[in-house]
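Welcome! Take a look at the structure below, and then read on for a short tour of its metal site and charged pairs.

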Amino acid sequence: MRLLLIEDEERFAEALCSSLKMEHYITDWAKDGEEGLSYGLSDVYDAIILDIMLPKMNGLSVLKELRTRNIHTPVLLLTAKSELNDKITGLDSGADDYLTKPFHREELYARLRALTRRQGGTVNLQELAFNDIYMLQGSNELYCKTSGGSMPLNGKEYQLMEYLLRNAGQIISREQIIEKIWGYDTDAEYNNVEVYISFLRKKLTFLKANVSIQTIRKLGYKLTD
Ligand code: CA
């Protein structure tokens, strides 16, 4: 899953990004409101963590602008205790939830799970499933109900499998995969995608799953029964 963190406190942001990485989130970090808005407008994120007090453009203006421009990515506002009014304005402006600083990481993860679940629709509790395979959030294993087996997934494999599962039955282009898994500022090329697709195919074969990743010529890939 891909997150956008809009936060100007560098140390806090870096620590947050690295703990989110341990939870298998890919996080892009924007240091001010303007940068955050331009990232957010790309509409590639599963959720946005938005600080209110930001240089160049404050968080509430970023939020209003995103909603005005039809970006419905779930937004979790970060507020200071003194910013009660901002919190209310924020929820009125289309924020989905808020957290008061300082907060426990576990609470943040729980809020993020709730936000992204709400958006997905097909996501049942904390499980992401298609036919006989499934992944559990918080675990880095891919499970197969038919064989009863499981295989560990490394970081990129996990993110790619999650992306495929969330879009099961639909064609995903290589461009979308690169954008989602590697991000914009990347040297990743199409053969990086192919390499990871082939890793996942081997794992699906090993698990004897009734699911495969189909290559759709010139278009991309599809997770199919
Ligand atoms: Ca701030």
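## A calcium site and its charged neighbours

Asp51 is buried, with a relative accessible area of 5%; buried means under 20%, exposed over 50% and partly exposed in between, using a 1.4 Å probe and protein chains only. This is a predicted model, where local features need pLDDT of at least 70, side-chain atom pairs count only at pLDDT 80 or more, and totals for chains, interfaces and linings use all residues. Residues are numbered from 1 along each chain as its sequence is written, and side-chain values use heavy atoms, leaving out hydrogens and water.

Asp51 (OD) is a donor to the calcium ion, along with Asp8 (OD) and Met53 (O), at 2.1 to 2.4 Å. Donors here are N, O and S atoms within 2.8 Å of the metal (3.2 Å for Na, K and Ca); water is not among the atoms, so sites may look incomplete. Met53 is exposed, at 56% relative accessibility.

Now to the salt bridges, each a side-chain nitrogen of Lys or Arg within 4 Å of a carboxyl oxygen of Asp or Glu. The count is 13, including these:

| Pair | Closest N and O atoms |
|---|---|
| Glu7 and Lys101 | 3.0 Å |
| Lys101 and Glu9 | 3.3 Å |
| Arg111 and Glu107 | 2.7 Å |

Lys101 is buried at 18% relative accessibility, and Glu7 is buried too. Glu9 is partly exposed at 42%. Arg111 and Glu107 are four residues apart in helix α5, about one turn; helices (H or I, at least four residues) are DSSP runs numbered from the N terminus. Through shared salt-bridge partners, Glu7, Glu9, Asp51 and Lys101 form one network.

Conventions:
Helices (H or I, at least four residues) and strands (E, at least two) are DSSP runs, numbered from the N terminus.
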